[in-house]
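Trainee: I would like to go through this model with you and ask, for each label, what justifies it.
Mentor: Gladly; let us have it in front of us first.

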Amino acid sequence: MTPNPALLLPYRLEHTPATAAQPGATALHRVRLTIGDDPTGRTTWPIRCRRIALALPVADHASAPADEPVILRTRLDLARGPGRGRQWLVETTTTDPAGTLLTLVPAEPARFDGTWTLALTLDISTPLGSRTRITEDTALGDTSPQRRAGNAPLTATPLPH
C-alpha cells in the first residue's frame, strides 16, 4: 500500500527479478502494479483520476548499456464498466539512463470507487531500484484534480508467468 498520504489512490508494486534467459534472449524483470485495491479500508472513495505516472529507477550499481535499447512490454488488465476510464493509454519514455517513465492516461477521467482495480504488468530489461516515484492527477469526489506525488516500494514477489 501507499505509505505516503499525499497520494489518494492505493498502489501495490510487486517485482519479480529476471531469471536466466534462454541463449540469445534477454532476461526480463517483471513488475505488476495494482491501483485501487485497498484491503485495509483506509482509502476515501470515490477518487477521480486523469493521469498516473510512474518513474521506475534503475537499480543502484546497475546501468543499461548506452548502445542497447531498453526492452519493454506492457499489458493492462481492466474489467470494462462505467467510470473506469473507458480506454487507458500507456506511454513509455526510456531515454533517461537513470530510469523509465510510464504514464497511464484514461480516455476519460476514471472514477475509482473501491469496487475495481487497474493492473499493469511490465516486463523490462533494466534492473530496477527499490522505490518508485508516483505522480497522480486525482481528486476526491467532484473536486478539481490536483497533481500529487509520493513513493511506493517495490515488493519482491514471485509472480506466475
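**Reasoning from values to labels**

Mentor: Among contacts in the protein between residues at least 6 apart in sequence, 71% join residues at least 24 apart. Please keep in mind throughout that this is a predicted model.

Trainee: What makes up the secondary structure of the protein?
Mentor: The protein has 10 strands and zero helices, and read along the sequence the pattern is β-β-β-β-β-β-β-β-β-β.

Trainee: Why is the pair Asp-37 and Arg-12 called a salt bridge?
Mentor: The N to O distance between their side chains is 2.7 Å, and the rule asks for a side-chain nitrogen of Lys or Arg within 4 Å of a carboxyl oxygen of Asp or Glu, so the pair qualifies. Arg-12 belongs to strand E1 (residues 11–16) and Asp-37 to the loop between strand E2 (29–35) and strand E3 (47–57), so the salt bridge ties together parts that are 25 residues apart in sequence.

Trainee: Are these two residues buried, partly exposed or exposed, and how do you know?
Mentor: Asp-37 has 27% relative accessibility, and Arg-12 likewise has a relative accessible area of 27%. Buried means under 20% and exposed means over 50%, so a value in between is called partly exposed, and that is the label for Asp-37 and for Arg-12.

Trainee: How do you know that Asp-77 and Arg-32 form a salt bridge?
Mentor: Their closest N and O atoms are 3.4 Å apart, which is within 4 Å, and therefore the pair counts. Asp-77 lies in strand E4 (residues 72–77) and Arg-32 in strand E2, so parts 45 residues apart in sequence are tied together. Asp-77, at 28%, and Arg-32, at 24%, are both partly exposed.

Trainee: What makes Arg-111 and Asp-142 a salt bridge, and where do the two residues lie?
Mentor: Their side chains meet at 3.5 Å, N to O, so this pair also falls within the 4 Å limit. Arg-111 is in strand E7 (residues 110–112), whereas Asp-142 is in the loop between strand E9 (131–140) and strand E10 (146–156), 31 residues away.

Trainee: Why is Asp-142 called exposed?
Mentor: Its relative accessibility is 70%, which is over 50%, so the label is exposed; Arg-111, at 35%, is partly exposed.

Trainee: How many salt bridges does the rule give?
Mentor: The count comes to 10, and salt bridges that share partners join Arg-12, Glu-14 and Asp-37 into one network.

Notes: Residues numbered from 1 in each chain as written. Predicted model: local features only at pLDDT ≥ 70, side-chain atom pairs only at ≥ 80, totals over all residues. Heavy atoms only, no water. Helix = DSSP H or I, 4+ residues; strand = E, 2+ residues; numbered from the N terminus. Buried < 20%, exposed > 50% of the residue type's maximum accessible area, 1.4 Å probe, protein only. Contact = heavy atoms within 4.5 Å.
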